[in-house]
Amino acid sequence: MAILEVSGLQKRYGNTEVLKNISLELERGETLAVIGPSGSGKTTLLRCLNFLETPDEGRISVCGETLWSGKDPAARREETLRKKRLHFGLVFQNFHLFPQYTALQNVTLAGRLLARENPDFPKKKRELYAQLEEKGRALLAQVGLAQREDHYPHQLSGGQQQRVAIARALALHPDILCFDEPTSALDPELTGEVLRVLRGLAEQNTTMLVVTHEMAFAREAADRVLFMDQGVVVEEGTPEGIFEHPQKARTRQFLSRYSG
């Protein structure tokens, strides 16, 4: 069974249709790369999956549980959406770290807030926070930042900040890790740092949905590639199928700029 099932997803802003009947599936441990030109709806798709935007129509299911149905008014309640977001971890283009917190504090902040909802929190506060810090340090080590836990964002390079953001997304153990063009705000030298982390996560069978303009990553590290244009899924398949034998003329046109 697919860990993520999306069917008939639609999103409009006024009279503009941004997503037009999007359907896709994602298997556990799979890396799906989403490529396409700017304005094709890729970021909106991620924001709808993470409930930062509310779709107008469609269904979103994770692990067999329907998280969203456009026909269910209760699904739009903020309290309900907040719980559903925990199924996903989202890494933004521009890091969005809290400048007043260290790398470790950024990674553990969401966990600390959730810990307060534990009925035993008053009695176990110190123990719970210690566990969060231990896990946070392990995650920072995983992304190569074991020596940077006490650094503030302004003391880190762009690539290091993005790796902190990845550790933060991993901290709540989401079912699906989503990336919105995670290297777009980085120069080429720092891009390599982040791509190495993504490749490492893919090798560990982390379930990922990656919106990217890095064709080399999509080709080498993804299990499947989905090409979007003008709010629709034009074509999807294996990296070899999409890059070597695209079936649609629009896919061939888009990829022709990367052929050299």
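**Notebook: helix packing, the sheet and three loop residues**

I began with the crossing of H4 and H5, which is right-handed; I call a crossing left-handed if the near helix is turned anticlockwise from the far one by less than a right angle, and right-handed if clockwise. The model is a predicted one, in which local features need pLDDT of at least 70 and side-chain atom pairs count only at pLDDT 80 or more, while totals for chains, interfaces and linings use all residues. Residues are numbered from 1 along each chain as its sequence is written, and side-chain values use heavy atoms, with hydrogens and water left out. Helices (H or I, at least four residues) and strands (E, at least two) are DSSP runs, numbered from the N terminus.

**Entry 1: H5 and its helix partners**

I looked up the geometry of helix H4 (residues 121-142) against H5, and found that their axes come within 9 Å and cross at roughly 135 degrees. Axes here are lines fitted to C-alpha atoms, for helices over the stretch in contact, and angles run from 0 to 180 degrees between N-to-C directions. That angle makes H4 oblique to H5, on a scale where angles under 35 degrees count as roughly parallel, over 145 as roughly antiparallel, 65 to 115 as roughly perpendicular and the rest as oblique. I then listed the residues in contact (heavy atoms within 4.5 Å): Leu139, Leu140 and Gln142 come from H4, and Val164, Ala167 and Leu170 from H5. By class, I noted 5 nonpolar, 1 polar and no charged residues in the contact of H4 with H5, where Ala, Val, Leu, Ile, Met, Phe, Trp, Tyr, Cys and Pro count as nonpolar, Asp, Glu, Lys and Arg as charged, and the others, Gly among them, as polar.

Next I turned to helix H3 (residues 103-115), which packs on helix H5 (residues 158-170) at an angle of about 25 degrees, with the axes 8 Å apart. H3 and H5 are therefore roughly parallel to each other, and their crossing is right-handed. In this contact Ala103, Asn106 and Val107 of H3 meet Val164, Ala167 and Arg168 of H5, and the residues divide into 4 nonpolar, 1 polar and 1 charged. I marked Val164 and Ala167 of H5, since they are listed in the contact with H4 and also in the contact with H3.

**Entry 2: the sheet**

I traced an open sheet of 6 strands in the order S6-S7-S8-S3-S9-S10, with mixed pairing; two strands pair if DSSP finds at least two bridges between them. Strand S6 (88-91) and strand S10 (232-237) stand at the edges with a single partner strand each, so one side of each is left without a neighbour in the sheet. Direction ignored, neighbouring strands of this sheet are turned by 20 degrees against each other on average.

Working along the pairs, I found that S7 and S8 run parallel and are joined by 4 bridges, with Phe179 standing opposite Val210 in S8. S3 and S8 also run parallel, with 4 bridges, and Leu32 has Leu209 as its bridge partner in S8. On the S9 side, strand S3 (residues 31-35) runs parallel to strand S9 (residues 224-229) through 4 bridges, and there Ile35 is partnered by Phe227.

For strand S8 (residues 208-211), I recorded that Met208 and Val210 point one way and Leu209 and Val211 the other way, and that all are buried, buried meaning under 20% relative accessible area, exposed over 50% and partly exposed in between (1.4 Å probe, protein chains only). I also noted that H5 lies across S6 and strand S7 (176-180), running at about 170 degrees to S6.

**Entry 3: H1 and the loops**

H1 is mostly covered, with 6 of its 8 residues buried, namely Lys42, Thr44, Leu45, Leu46, Cys48 and Leu49. Asn50 follows in the loop between helix H1 (42-49) and strand S4 (57-62), and counts as buried at 4% relative accessibility. Leaving aside neighbours within four places in sequence, I found Asn50 in contact with Arg85, Phe88, Gly89, Leu90 and Cys178.

Most residues other than glycine have a negative phi. Phe51, in the loop between H1 and S4, instead has a positive phi near 60 degrees, and counts as buried at 1% relative accessibility. Asn205 likewise has a positive phi of about 60 degrees although it is not a glycine; Asn205 sits in the loop between helix H6 (188-203) and S8 and, at 53% relative accessibility, counts as exposed.
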